[in-house]
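Q: Please take a close look at a single part of this model, the metal site.

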Amino acid sequence: MASAPASPSAHRPLPKAELHLHIEGTLEPGLAFALAERNGVTLPYATEDALRRAYSFTDLQSFLDLYYALMAVLRTEDDFADLAHAYLARAKEQGVRHAEIFFDPQAHTARGVPIGTVVEGLARALDTAEQTYGISTRLIMCFLRDQSAASALETFEAARPHLDRITAVGLDSAEVGNPPSKFREVFARAREAGLKCVAHAGEEGPAAYVWEALDVLGVDRIDHGVRCMEDERLVARLAAEQVPLTVCPLSNVRLRVIDDLADHPLPEMLDAGLLVTVNSDDPAYFGGYADDNFTAVRDALGLGAETLGTLARNSFRASFLDEATRARYLAEVDAHEAGAQQE
Ligand code: HPA
Ligand code: ZN
């Protein structure tokens, strides 16, 4: 018997992992104002609407200026726990089953917030995530590449008492002029401590930064990496080694890395055999969470169900999960597709 066509509200999101998500980039205007009030912080915007009107970016730096300014409201362990809870609730609605979450300790320690407050606040929420939201989680500590190499080393040493909470280190903030090689030493130290390594590269910066992230930092994944498409040899290497790329389509459009979503190189990247994943980056700022990014590329690029399934499977393949859990999540994607065919 033919069933009625699914209505848009019946959209069941694909099970997926989110691997490129800055927790500070999930700070929605409503929570920003609530935390400002709780902490007696005055924001330079009178209303949520006035704040939202500032979300018009010309490049990465114009976004980073607002992203760092709004962090002034994050002061206590409770603030970081509330921020993570708000993200996890949204992520659950979007089909996220596993999240590997970035945080920027230097953006907080520079304001006098101890790194322990940040890590323990986030960890308190993440400790309940499996039970409350059905989402497994990992934490990735990022270094701000527009700060010095010495500051990154100092941050890593300050984080040592908390390394049991941290799976990987990453590299973010203003890319151009701050190549991966600047952070050779801190990444070597992190690898020695048994951490995984990732780095933003090839977002605004050139393909050469992707080579450096691989060869100098020894990263396990590249965050963004879309500019790899300018270098055929690099594409061949990334495909041969199946280095995961955590692509963020709505972010790319909002930060003007790509003019129009319809021109996004995602289909060419998949055709080239790259292990591409789709992620939200800073969803409160860029207009969509994980599944919103899946839906946006589906609509703008005409991706079929098979390609969307590949992207969902890639997200688990590219994760830092243990093999048994990865297999369980991949089976959920199979089951989701089997269910969708019967509808
Ligand atoms: N790029 C670099 N740094 C960032 C980003 C990004 O997209 N989001 C938050 N910090
Ligand atoms: Zn990012």
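What are the angles among the 4 donor atoms of the zinc ion (ligand 2), and how does the site count by them?

A: This is a predicted model, in which local features need pLDDT of at least 70 and side-chain atom pairs count only at pLDDT 80 or more, while totals for chains, interfaces and linings use all residues. Residues are numbered from 1 along each chain as its sequence is written, chains are lettered from A and ligands numbered from 1 in the order in which they are written, and side-chain values use heavy atoms, with hydrogens and water left out.

The angles among the 4 donor atoms run from 83 to 174°, and the site of the zinc ion (ligand 2) is irregular. Four donors would be tetrahedral with all angles between 85 and 135 degrees, and square planar with opposite donors over 155 degrees apart and all others between 65 and 115; six would be octahedral under that latter rule, and anything else is irregular. Ideal angles for four tetrahedral donors are 109.5 degrees.

The coordinating atoms are NE2 of H20, H22 and H200 and OD of D281, at 2.1 to 2.2 Å. Donors are N, O and S atoms within 2.8 Å of the metal (3.2 Å for Na, K and Ca); water is not among the atoms, so sites may look incomplete. Along the chain the donors follow the spacing H-x1-H-x177-H-x80-D. H22 and D281 link distant parts of the chain, 259 residues apart: H22 is in strand β1 (residues 16-22), and D281 is in the loop between β8 (275-278) and α14 (283-286). Strands (E, at least two residues) and helices (H or I, at least four) are DSSP runs, numbered from the N terminus.

H22 is buried at a relative accessible area of 4%, and D281 is buried at 2%. Buried means under 20% relative accessible area, exposed over 50%, and partly exposed in between (1.4 Å probe, protein chains only).
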